[in-house]
Amino acid sequence: MKPGDLVVSNCETKTWYQGVVGMLIGFDRFGKFNLTKGDPLVMYGNGQTIRLAGKALEVISEEN
């Protein structure tokens with residue numbers, strides 16, 4: 001999983017972003033942007049960017 005990949009959240013909790021395609025834009029660790037570790041930051045088409053758990057995300061299209 002790397003920035004630019006399209007991802008979808010398969011979390012168990014019913015949320016508005018469950019099953020919605022978003023773009024991974026980077027990783028955040030305790031509020032500091034870091035490309036190598038931390039929680040994934042996903043940007044959605046409605047303009048919202050959310051920090052999500054990586055284990056709940058599925059890559060559906062990889063950036064080449």
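1. Strands here are DSSP runs of E at least two residues long, and helices are runs of H or I of at least four residues, both numbered from the N terminus. On that basis Ile 25 sits in strand β2. The protein as a whole has 0 helices and 6 strands, running β-β-β-β-β-β from the N terminus on.

2. Some housekeeping before the details. This is a predicted model, in which local features need pLDDT of at least 70 and side-chain atom pairs count only at pLDDT 80 or more, while totals for chains, interfaces and linings use all residues. Residues are numbered from 1 along each chain as its sequence is written, and side-chain values use heavy atoms, with hydrogens and water left out.

3. On to overall burial. Buried means under 20% relative accessible area, exposed means over 50%, and partly exposed is in between (1.4 Å probe, protein chains only). Of the 64 residues, 30% count as buried. The accessible surface comes to about 4,400 Å², with 52% of that belonging to carbon and sulfur atoms; these areas come from the Shrake-Rupley method with a 1.4 Å probe, and for residues only the protein chains shown count as cover. As for contacts (heavy atoms within 4.5 Å), residues 24 or more positions apart account for 34% of those with a separation of 6 or more.

4. Which residues make up the largest nonpolar core? A core is a set of buried Ala, Val, Leu, Ile, Met, Phe, Trp, Tyr and Cys residues joined through side-chain atoms within 4.5 Å. The largest one has 11 residues: Val 7, Cys 11, Tyr 17, Leu 24, Phe 27, Val 42, Tyr 44, Ile 50, Leu 52, Ala 56 and Leu 57. As background, nonpolar side chains tend to be buried together in soluble globular proteins.

5. Leu 57 is a handy core member to click on. It lies in strand β6 (residues 57–61) and counts as buried because its relative accessible area is 12%. Not counting residues up to four places away in sequence, Leu 57 touches Met 1, Val 7, Val 8, Ser 9, Pro 40, Val 42 and Leu 52. Leu 57 and Gln 18 are 39 residues apart in sequence, yet their C-alpha atoms are 9.7 Å apart in space.

6. Tyr 44 is another core residue, and it counts as buried at 4% relative accessibility. Leaving aside neighbours within four places in sequence, Tyr 44 is in contact with Ser 9, Trp 16, Tyr 17, Val 20, Val 21, Gly 22, Ile 50 and Leu 52.

7. Now the rings. The structure holds 3 aromatic pairs, where rings of Phe, Tyr and Trp (its six-membered ring) pair if their centres lie within 6.5 Å; planes under 30 degrees apart count as stacked, over 60 as edge-to-face and the rest as tilted. Trp 16 and Tyr 44 make an edge-to-face pair, at 5.1 Å centre to centre with 70° between the planes. Trp 16 is in the loop between β1 (6–9) and β2 (21–29), and Tyr 44 is in the loop between β4 (39–43) and β5 (49–51), so the pair ties together parts that are 28 residues apart in sequence. Trp 16 counts as partly exposed because its relative accessibility is 41%. Ring pairs link Trp 16, Tyr 17 and Tyr 44 into a cluster.

8. How many salt bridges does a search of the whole structure find? There are 3, a salt bridge being a side-chain nitrogen of Lys or Arg within 4 Å of a carboxyl oxygen of Asp or Glu. Asp 28 bridges to Arg 51, with the closest N and O atoms 3.7 Å apart. Asp 28 lies in strand β2 and Arg 51 in strand β5, so this pair ties together parts that are 23 residues apart in sequence. Asp 28 is buried at 13%, while Arg 51 is partly exposed at 44%. Lys 2, Asp 5 and Glu 62 are joined into one network by salt bridges that share partners.

9. Within that network, the Asp 5 and Lys 2 side chains meet at 3.4 Å, N to O. Asp 5 is buried at 1% relative accessibility, and Lys 2 is partly exposed at 34%. The side chains of Glu 62 and Lys 2 meet at 4.0 Å, N to O. That pair links distant parts of the chain, with Glu 62 in the segment after β6, Lys 2 in the segment before β1, and their positions 60 residues apart. Glu 62 counts as exposed at 55%.

10. Last, the outside. Leu 6, Val 21, Met 23, Ile 25, Met 43 and Ile 60 form a nonpolar surface patch with about 450 Å² of accessible area together. Patches are made of residues with over 30% relative accessible area and no salt bridge, with like charges joined within 9 Å and nonpolar side chains (Val, Leu, Ile, Met, Phe, Trp, Tyr) within 5 Å. The largest share of the patch, 3 residues, comes from β2. Ile 25 is partly exposed, with a relative accessible area of 33%.
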